[in-house]
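Biologist: I should like a close look at a single part of this protein, set in the context of the whole chain. Please take one helix and describe how its two sides differ and what surrounds it.

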Amino acid sequence: MVRRLRFNGTGSGEDGCPSVHEDLDSGEVIVHGPPLTDPEDVAQLQRLSEGEVAVVVPRDVLVDWTPKERTRQVRTIGLEEFGGLFGKFEHTAWRLETRRRYASDEGTETYRQFVETGKANWTYDHPFCQTILKQTAEGKRVERVRIVDESPTTGQLYLLDNAKRNSGMGEDIRNLWRADAERLTLPAEDFWLFDSRLVALLQFDDDDQLTHVDLITEPAEVVRCAMIRDAAWHHAVPWQKFTAEMHGDA
C-alpha cells in the first residue's frame, strides 16, 4: 500500500534538502538529505545494515520539523465553542476551503435561492456576520482561499456568489483552481489559522457535514499551516477577477 506522506518542513530555502516527512498512518518520520559518503565517517556508524543509507541532517531540522509527540496533541471542540473563536482572535483569521461540497450550505434559504435563480439575497443578519463585521471594523484581518474545480460544483459556484457578502463584511476572499493547488502540493484540508498560533482543523463526516473541530497548537504544525497559507495566498486570485475570468469576461 502506498504511504500517505505529508511534508512537514525543510531547513533549506533553495533545494528543499534535507527535509522531513511524516507518515500519516504509521506516524513514522522520513528524512532525506545528502548521504554520508566518506568511508572513514561511515566506518564509525554502529549497526548500519545492508541496504541502509546514512544521511546528514542539521540538528535544527529535526528540532523544528519532527513531531514532538507520537500522537499529535489536539483538543476536540464542538461547533458552538468553535464559533466563539471568531470573537476572540486578536489580529488575523485565515481559512483554507478545499471541499467540493458543504452540506450545511445546502440547508440555507440563500442556497435554495441560488439554485433556483443563480443568485442569492445576501444579508448580514446572521450572528456570524455581525461578529466578523465587528472584528474587521477594529482593523482585524479575515481572509480565505477557496479551491475551485475546473468544472465547479454547485456548492463552489454558490460560494463564489457568497463572496459578495463576505467582502461586504470586510473579508478578503481569493480563489485558486484545484489543479494549481495540487501543483503547489496544498493539502486537501479545511482549517482556520488564528493569529498564526492556533489551528482549527475542521472535521467532516461522509455526508459532508461538519461534525467537530480539532484545535492544534503544536509549533511545527502551526508553522506548516502558515506555510500553506503563504503559498495559497500568493497564488490565489481575488474572487472578482477569478469569477470574471471563469466566465470569460476579462
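Modeller: The account below takes up helix α6, beginning with the chain as a whole and ending with the cores and a second helix.

The model is a predicted one. Its protein chain has ten helices and eleven strands, and its C-alpha atoms fill a box of roughly 75 × 40 × 35 Å along the principal axes. Of the 250 residues, 42% are buried. Among contacts with a separation of 6 or more, 67% are between residues 24 or more positions apart. The accessible surface is about 14400 Å², and carbon and sulfur atoms account for 50% of that area. The chain carries 30 positive and 45 negative charges, whose mean positions are 5 Å apart.

Helix α6 spans residues 127-137. Its buried residues are Cys129, Ile132, Gln135 and Thr136. Because these residues cover an arc of only 130 degrees around the axis, they sit on the same side of α6. The general geometry is familiar: an α-helix has 3.6 residues a turn, so residues three or four places apart point the same way. The face turned away from the buried side of α6 carries the exposed residues Pro127, Lys134 and Ala137. On the other face, the buried residues of α6 pack against β6 and α7. After the helix comes Gly139, with a positive phi near 90 degrees.

Within α6, Thr136 merits separate attention. Its relative accessible area is 18%, and because the limit for a buried residue is under 20%, Thr136 counts as buried. Beyond its neighbours within four places in sequence, Thr136 is in contact with Val142, Met169 and Gly170. Thr211, by contrast, is 75 residues from Thr136 in sequence and 27 Å away in space, C-alpha to C-alpha.

The helix also takes part in the largest nonpolar core, which has 25 residues. Alongside α6, at least two residues each come from α5 (109-117), α7 (154-168), β8 (191-194), β9 (198-204) and β10 (210-216). Strand β9 gives the most, with four residues. The members that touch the most others are Phe82, Leu85, Trp192, Phe194, Ala200, Val213 and Leu215. Phe194 has contacts with Leu85, Phe86, Phe89, Thr92, Ala93 and Ala200, when residues up to four places away in sequence are left out. Apart from this core lies another, of 20 residues, including Leu96, Leu176, Leu184 and Trp233.

One partner of Phe194, Thr92, belongs to strand β5, residues 92-97. Thr92 is buried, with a relative accessible area of 14%. Besides Phe194, Thr92 touches Arg141, Leu193, Asp195 and Ser196, again without residues up to four places away in sequence.

Helix α10, residues 239-246, offers a parallel case, with Trp239, Phe242 and Thr243 as its buried residues. Seen down the axis of α10, these buried residues fall within an arc of 95 degrees, so they line one face of the helix. They pack against β6 (141-148), α7, β7 (172-177) and β11 (237-238). β6 and α7 are thus partners of the buried residues of α10, as they are of those of α6. Gly248, which follows α10, has a positive phi, near 75 degrees.

Conventions
Residues are numbered from 1 along each chain as its sequence is written. This is a predicted model: local features need pLDDT of at least 70, side-chain atom pairs count only at pLDDT 80 or more; totals for chains, interfaces and linings use all residues. Side-chain values use heavy atoms; hydrogens and water are left out. A nonpolar core is a set of buried Ala, Val, Leu, Ile, Met, Phe, Trp, Tyr and Cys residues joined through side-chain atoms within 4.5 Å. Buried means under 20% relative accessible area, exposed over 50%, partly exposed in between (1.4 Å probe, protein chains only). Contact means heavy atoms within 4.5 Å. Accessible areas come from the Shrake-Rupley method with a 1.4 Å probe; for residues, only the protein chains shown count as cover. Lys and Arg count as positive and Asp and Glu as negative; His and the chain ends are not counted. The place of a charge is taken as NZ of Lys, CZ of Arg, CG of Asp or CD of Glu. The arc is that of the directions from the helix axis to the C-beta atoms.
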